[in-house]
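User: I'm new to reading protein structures, and I'd like a close look at one part of this one. Could you walk me slowly through the way its helices pack against each other?

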Amino acid sequence: VTLLHADDELRPEYAHRMLERASADPGAAIAFCGAEIVGPTGAPVFSLPDAVKRFLWPNRGRLGVLAGRRGVEALCRGNFLMCPTACYRKSVLGARRFDARWRFVLDLEYFTRLLLDGERFVLDPVRAYAYRRHAENATEAYTASSVRFREEAAFYDDLARRVERRGWGTAAWRARARLLVRLNAVVQVLRDVSGF
């Protein structure tokens, strides 16, 4: 199952790539692909947050698997997964769903919860999805209203406690550090001050 966002596009190779990844790892809960970032007209645009996501992608942009402690640690460093690119395997996920308490971090919470449950994800860096960035999308609205930052802080504090109970010290430290959350907040302040 893929939850296509209303203002995004699947590239022609999306279905083939996701089915190929799912067939190669029948136990994987989710397959993710890379995303091309486009603007309101559909033309490619540069996006600093998405450039950072590509930098954080494990295995330096090669096919890979995200699982266990290392998977959680990687997401604590920074959420490089593009939620709308996800192709979910219903038979593995069962009744597990997004947590309705969250508006902005619901995808990150869900993905880390699945990893903590022992699930694994397959990663395909091919940009088979077009993610549209524009001033009216939900990310922009949650950033401007600071919902994003409040939720991220609460989520990472909760995650730090959960992984610390498992003895995953590095993941707990990264969750508490919230480095990219802090950097995003600084970037937002600079944007507000400069008028960009």
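Analyst: Here is a walk through the helix packing, with a few single residues at the end. Please keep in mind that this is a predicted model.

Let's start with the whole protein. It has nine helices and five strands. Along the sequence they follow the pattern β-α-β-α-β-α-β-α-α-β-α-α-α-α. The protein has 196 residues, and buried residues make up 45% of them. Among contacts between residues at least 6 apart in sequence, 76% join residues at least 24 apart.

Now to H7, a good helix to begin with. It covers residues 147-165, which is 19 residues. What span should H7 have, and does the model agree or disagree? At 1.5 Å a residue, the expected span is 27 Å, and the end C-alpha atoms are 28 Å apart, so the two agree. The buried residues of H7 are Val147, Arg148, Phe149, Glu151, Glu152, Phe155, Tyr156, Leu159, Ala160 and Val163. Notice that charged residues are in that list, including Arg148, Glu151 and Glu152. Just after H7 comes glycine 167, which takes a positive phi of about 85 degrees.

What does H7 pack against? One partner is H8: the two helices pack at an angle of about 170 degrees, with their axes 8 Å apart. That angle makes H7 roughly antiparallel to H8, because angles over 145 degrees count that way. Their crossing is left-handed. On the H7 side, the residues that meet H8 are Tyr156, Ala160, Arg161, Val163 and Glu164, and on the H8 side they are Ala171, Ala172, Ala175 and Arg176. By class, this contact has six nonpolar, no polar and three charged residues. Three names can be followed from one list to the other: Tyr156, Ala160 and Val163 are buried residues of H7, and they also take part in the contact with H8.

H8 (residues 169-177) also packs with H3 (residues 68-77), at an angle of about 15 degrees and with the axes 8 Å apart. Here the angle makes H3 roughly parallel to H8, because it falls under 35 degrees. H3 passes H8 in a left-handed crossing. From H3, the residues involved are Val72, Glu73, Ala74, Cys76 and Arg77, and they meet Thr170, Ala171, Arg174 and Ala175 of H8. This contact holds five nonpolar, one polar and three charged residues. Try finding Ala171 and Ala175 on screen: these two residues of H8 are in the contact with H3, and they are in the contact with H7 as well.

H3 in turn has another partner, H5 (residues 106-116). The axes of H3 and H5 come within 9 Å and cross at roughly 160 degrees. That makes H3 roughly antiparallel to H5. The crossing is left-handed here too. The residues that make the contact are Gly68, Gly71, Val72 and Leu75 of H3, together with Leu108, Phe111, Thr112, Leu115 and Leu116 of H5. They divide into six nonpolar, three polar and no charged residues. Val72 is worth a look, since it belongs to the contact with H5 and also to the contact with H8.

Staying on H5, let's zoom in on arginine 113, which is found in this helix. Is it buried or exposed? Arginine 113 is buried: its relative accessible area is 18%, and the cut-off for buried is under 20%. Leaving aside neighbours within four places in sequence, arginine 113 is in contact with Arg96, Arg97, Phe98 and Asp99.

For contrast, here are two residues elsewhere. Alanine 130 lies in strand E5 (residues 120-132). With a relative accessibility of 1%, alanine 130 counts as buried. Not counting residues up to four places away in sequence, alanine 130 touches Asp8, Glu9, Arg11, Glu36 and Val38. Alanine 130 and aspartate 8 are 122 residues apart along the chain, while their C-alpha atoms are separated by 5.7 Å.

Proline 49 lies in helix H2 (residues 48-56). Proline 49 has 39% relative accessibility, so it counts as partly exposed. Its C-alpha atom is 9.3 Å from that of phenylalanine 80, a residue 31 places away along the chain.

To retrace the packing: H7 is roughly antiparallel to H8, H3 is roughly parallel to H8, and H3 is roughly antiparallel to H5.

Note on methods:
Residues numbered from 1 in each chain as written. Predicted model: local features only at pLDDT ≥ 70, side-chain atom pairs only at ≥ 80, totals over all residues. Heavy atoms only, no water. Axes fitted to C-alpha atoms, helices over the stretch in contact; angles between N-to-C directions. Helix = DSSP H or I, 4+ residues; strand = E, 2+ residues; numbered from the N terminus. Parallel < 35°, antiparallel > 145°, perpendicular 65-115°, else oblique. Left-handed = near helix turned anticlockwise from the far one by under 90°. Contact = heavy atoms within 4.5 Å. Expected span 1.5 Å × (residues − 1). Buried < 20%, exposed > 50% of the residue type's maximum accessible area, 1.4 Å probe, protein only.
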